[in-house]
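Good morning, and thank you for making time for this presentation. Please have the sequence and the structure open as I speak.

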Amino acid sequence: MRNDLIIGLDIGSSFVRAVAGRQNNSGKLEIIASGKANTTGHILQGEIVNINKTSLAISEAIKKISGALDGKNTNYYFSSNLSGSHINVQPYTSTKIRKNPREAVSVQEIQALIEDAKKPILEKNPILLHTLPIGFKVDNLPTTNDPVGQVGQKIQAELMIITANPDKYGLLVQCLLAAESEHIKKGNVYFSPVAASTAVLSSEEKEEGVILVDIGSGTTEISMYQNRGLVKSLVLNWGGDRLTEDIRIGLNVSYENAEALKTTFGSAISKLIDINEVVMIPGIAGRKPTPVSVKNLAIILEERLKELAAKIIAEVSQVGDPQSFKSGIVLCGGGAQLPDIAELFQKVTDLECRVGVPMVVQNSQVSEEILDPSYATAIGLIQVYYEQLNEAILSEEAEATTIISQTGAEINQGNNKDKPGIKKIFTRVVDVLMGSNEAEGEY
Ligand SMILES: Nc1ncnc2c1ncn2[C@@H]1O[C@H](COP(=O)(O)OP(=O)(O)OP(=O)(O)O)[C@@H](O)[C@H]1O
Ligand SMILES: [Mg+2]
């Protein structure tokens, strides 16, 4: 792992962000380079519509970090994302009658239960991105994240299954293959919020209940966590571009000026803005500059964002009482950079709200730009794959405890219950389940 480099590739509706990371001397993941390229018009609402231009943008973003990619003894991996309203996230229950009810539940048994659950799902849709456990139940015992050691006749796994449309997945693979640098060995694809959550949410927040809202340019992803597990996730065809469009129409300015107004003078709480504050929009071809009220700009943004906050609460209410998400809302994505957005969401939803900035160690040569909510997915992609690679190494080191591998779940039947490391590996299997998948993208 020491020399291996992971390239996180967040392929979004406005930018491809490429970030390279590797393990530093203290064993921590360190970000050593970042670069981005524009994708406007080539990816709409998270879905690739122009494969040539998207793969060019990927190549361009990788080129910008290529200075950090030299060195002959380095393996390069990529970790990329998939999003869009074609992604289907749904709960799935897998139940098994145990052969020997008096024997303690083992790691291998859990792994087999999850593997069995995948078969019928894969028959319907080969693009199974994730099979995330959210709890296990043995007979009538309380639901737990760690059933190992329990005894009973029946075991049940509650899973969250994330599948993608095969055609949309195919387009992503086509773009990645076309853009692939000769150095890149192999990689994985993750549902965007799975990555972003790794970068900006703490395990305590996931335990207490938290709602992650990633406001991109063409999409907003809403993901809810409780007891450490993902309980619901959806992708809205709605993002910051909609706000820009509202400003364009509401203030009668060009789209470019609307975007500049939003990102430079925008705010989510209009009452904080002085009524007399005005920005002059330069006139084109010698025309006079036009004054624009900053308060009106904020009113437009505030109204639209209130709608989004109300939509989030409506979606959360389908899962349970919003107040049961004790850690409230964490906002990320480029849209989370709007001043006062967390305060507005807090006011409308009555939930605590903060802006999530990636928690990461960065090399001194890397721009501060990455410590920004719009880098949550790119950084999370590296973190999530780094954990996966480390787990694969850990499991190899533990010899007979090999329960997972890069290419598929391997269940070793050897007597390894007392070996050190098994508990750690199991915790990871539950937290970060990975295994075989035709799409080579499961986590
Ligand atoms: N300071 C700012 N204030 C408000 N919005 C901002 C600011 N900076 C960037 N944005 C908005 O963030 C959005 C881009 O966010 P991001 O880069 O996360 O999107 P993306 O990942 O490319 O798209 P998606 O995730 O929807 O596919 C744009 O709508 C942009 O206008
Ligand atoms: Mg995004």
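**A walk through the chain**

Of the 443 residues in the chain, 45% count as buried. Please keep in mind that we are looking at a predicted model. The chain contains eleven helices and 18 strands. Among the contacts between residues at least 6 apart in sequence, 69% join residues that are at least 24 apart.

Let me begin with strand β12. This strand covers residues 220-226, and seven of its seven residues are buried, which leaves the strand mostly covered. Its side chains point in two directions: T220, I222, M224 and Q226 point one way, while E221, S223 and Y225 point the other way. The residues of both groups are buried.

What are the partners of β12? On one hand there is strand β11, residues 210-215, which runs antiparallel to β12 and is joined to it by six bridges. Within that pairing, D214 stands opposite E221. The two strands make a hairpin, with four residues between them. On the other hand there is strand β13, residues 229-236, which pairs with β12 in the antiparallel sense over seven bridges. Here E221 has V235 as its bridge partner. β12 and β13 also form a hairpin, this one with two residues between the strands, and N227 in that hairpin takes a positive phi near 45°.

I turn next to a second group of strands. In which order do β7, β8 and β9 lie in their sheet? The order is β7-β9-β8, in an open sheet of three strands with antiparallel pairing. β7, residues 88-97, and β8, residues 128-138, stand at the edges with a single partner strand each, so one side of each has no neighbour in the sheet. On average, and ignoring direction, neighbouring strands of this sheet are turned by 25° against each other.

Looking at one of these pairings in detail, β8 and strand β9, residues 154-163, run antiparallel and are joined by nine bridges. One pair to locate on your screens is T131 with its bridge partner in β9, I161. Helix α2, residues 107-124, lies across β7, β8 and β9, and runs at about 130° to β8.

Now to helix α8, residues 294-317. Does the length of this helix agree or disagree with what its residue count leads us to expect? At 1.5 Å a residue, its 24 residues should span 34 Å, and the end C-alpha atoms are 34 Å apart, so the two agree. The buried residues of α8 are L297, A298, I300, L301, E302, L305, L308, A309, I312 and V316. As a reminder when reading such a list, an α-helix has 3.6 residues a turn, so residues three or four places apart point the same way. What covers the buried residues of α8? The cover includes the strands β11 and β12, which we have already met, together with α6, α7, β15 (290-293) and α9 (341-349).

Two of those helices bring us to ligand 1. α6 (240-251) and α7 (255-265) each supply at least two residues of the shell around the ligand. There are 23 residues around ligand 1, and those that come nearest are G12, S13, G216, G240 and G334. Sorted by class, the shell holds two nonpolar, 18 polar and three charged residues.

Finally, I should like to point out three residues in loops. N252 is found in the loop between α6 and α7. Its phi is near 55°, a positive value in a residue other than glycine. Is N252 buried or exposed? It has 12 C-beta neighbours inside 10 Å, and therefore counts as exposed. Q45, in the loop between β4 (43-44) and β5 (47-48), likewise is not a glycine and yet has a positive phi, of about 45°. Q45 is partly exposed, since 19 other C-beta atoms lie within 10 Å, and a residue is buried if it has 20 or more.

The third residue, D350, lies in the loop between α9 and β17 (353-355). With 12 C-beta neighbours inside 10 Å, D350 counts as exposed. D350 and G328 are 22 residues apart in sequence, and their C-alpha atoms are 8.7 Å apart in space.

Thank you for your attention.

Note on methods
Residues numbered from 1 in each chain as written. Chains lettered and ligands numbered in written order. Predicted model: local features only at pLDDT ≥ 70, side-chain atom pairs only at ≥ 80, totals over all residues. Pairing = 2+ DSSP bridges. Near = placed C-beta within 6 Å. Nonpolar A, V, L, I, M, F, W, Y, C, P; charged D, E, K, R; others polar. Axes fitted to C-alpha atoms, helices over the stretch in contact; angles between N-to-C directions. Contact = placed C-beta atoms within 7 Å. Expected span 1.5 Å × (residues − 1).
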